Amino acid sequence: MRNTVFVLAGIVALAFSAGVAFAGVPCAGTSTVEASPDCGAYCPAGDYGTVTVTVTVKDCYDTPLEGIEVTVTEAAGGTGHCWCPGEDAKVCTTDASGVCQVTFSAFGGCDGTDCALQFQADAEGVILGPSLPITAASVDNNADCSVTLSDFINFAGVYLTSDCCSDYDCNGSVALSDFINFANHYLHSCP
Ligand SMILES: [Ca+2]
Ligand SMILES: [Ca+2]
């Protein structure tokens, strides 16, 4: 009987200390990072598509946290992209619903495997995410943050294929409409 009381007291103490430790602290398990649109095309000049990343910060009790400063970046391990100065990390502060949003538009490059782009958020040292991948094509095919002849050569090489990095209008094929979009951004670079 006495041992049972000790065990129960220990469990209560542990639960209480866990609650004190984690209430009000960002929790990766309940917080979310979402990027949209699902498919788009981007130019390092920032005058093509825009990705919106929405971060919802909650503690492990599912309570939204207001006033949390969040830094959003490409998710760790992402490949194939270049980010213009000031575009590699965006900061926002959560509102009363625990939500804040940032946007990215001035970046180039494309993940040559599946055109995937994912984001993560650092909320007071707690890493949230990554977001589900979006499909991100780019007129800067080779990720040097400028649209030049070498990008055109890459584009020409995948013309009339289904290469997602050059399918700027997300219709499943690289065709004339994509070439017109490419031409509209030729010789563009970071702002
Ligand atoms: Ca380029
Ligand atoms: Ca297309």
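**Notebook: strands, sheets and cores of a predicted model**

I began with strand β9 (residues 116-117), which runs antiparallel to β12 and is joined to β12 by two bridges. I looked up one residue pair here: alanine 116 has threonine 135 of β12 as its bridge partner. I note at the outset that the model is predicted.

**Entry on β12**

I then asked which strand runs parallel to strand β12 (residues 134-138). I found strand β2 (residues 39-42), joined to β12 by four bridges. In this pairing, cysteine 39 stands opposite threonine 135. Threonine 135 had already appeared in my notes as the bridge partner of alanine 116.

**Entry on the whole chain**

I looked up the overall composition next. The protein chain has three helices and twelve strands. The chain counts 191 residues, and 34% of them are buried. I also checked how far apart in sequence the contacting residues lie. Among contacts between residues at least 6 apart in sequence, 68% join residues at least 24 apart.

**Entry on the three-stranded sheet**

I traced an open sheet of three strands in the order β1-β3-β7, and its pairing is antiparallel. Why is one side of β1 (32-36) and of β7 left without a neighbour in the sheet? Both strands stand at the edges and each has a single partner strand, so one side of each has no neighbour there. From one strand to the next, the twist averages 20°.

I followed the pairing of β1 with strand β3 (residues 51-56) in more detail. Five bridges join these antiparallel strands. I recorded serine 36, which stands opposite threonine 52 in β3.

**Entry on the four-stranded sheet**

I found a further open sheet, with four strands in the order β6-β4-β10-β11 and antiparallel pairing. Its edge strands are β6 and β11 (126-128), each of which pairs on one side only. On average, and with direction ignored, neighbouring strands of this sheet are turned by 30° against each other.

Within this sheet I examined strand β4 (residues 69-74), which runs antiparallel to β6 and is joined to β6 by four bridges. Threonine 71 stands opposite valine 91 in β6.

**Entry on glycine 98**

I located glycine 98 in the loop between β6 (90-93) and β7 (99-104). Is glycine 98 buried or exposed? I counted it as buried, because 24 C-beta neighbours lie inside 10 Å, where 20 or more suffice.

I then listed what surrounds glycine 98. Apart from neighbours within four places in sequence, glycine 98 is in contact with Thr56, Val57, Lys58, Pro64, Leu65 and Glu66. I also compared glycine 98 with serine 31: the two are 67 residues apart in sequence, and their C-alpha atoms are 9.0 Å apart in space.

**Entry on the nonpolar cores**

I turned last to the cores. The largest nonpolar core has 20 residues, of which Ala41, Tyr42, Cys43, Cys115, Ala136, Ala137 and Val139 touch the most other members. Strands β2 and β12 each supply at least two residues of this core. A second, separate core has 14 residues, including Ala35, Leu65, Val72 and Leu128.

I closed with alanine 137 and asked which residues it touches. Leaving out residues up to four places away in sequence, I noted Ala41, Cys110, Cys115, Cys164, Cys165, Ser166, Asp167 and Tyr168.

How values were computed: Residues numbered from 1 in each chain as written. Chains lettered and ligands numbered in written order. Predicted model: local features only at pLDDT ≥ 70, side-chain atom pairs only at ≥ 80, totals over all residues. Buried ≥ 20, exposed ≤ 12 C-beta atoms within 10 Å, placed from the backbone. Contact = placed C-beta atoms within 7 Å. Pairing = 2+ DSSP bridges. Axes fitted to C-alpha atoms, helices over the stretch in contact; angles between N-to-C directions. Core = buried A, V, L, I, M, F, W, Y, C linked by C-beta atoms within 7 Å.
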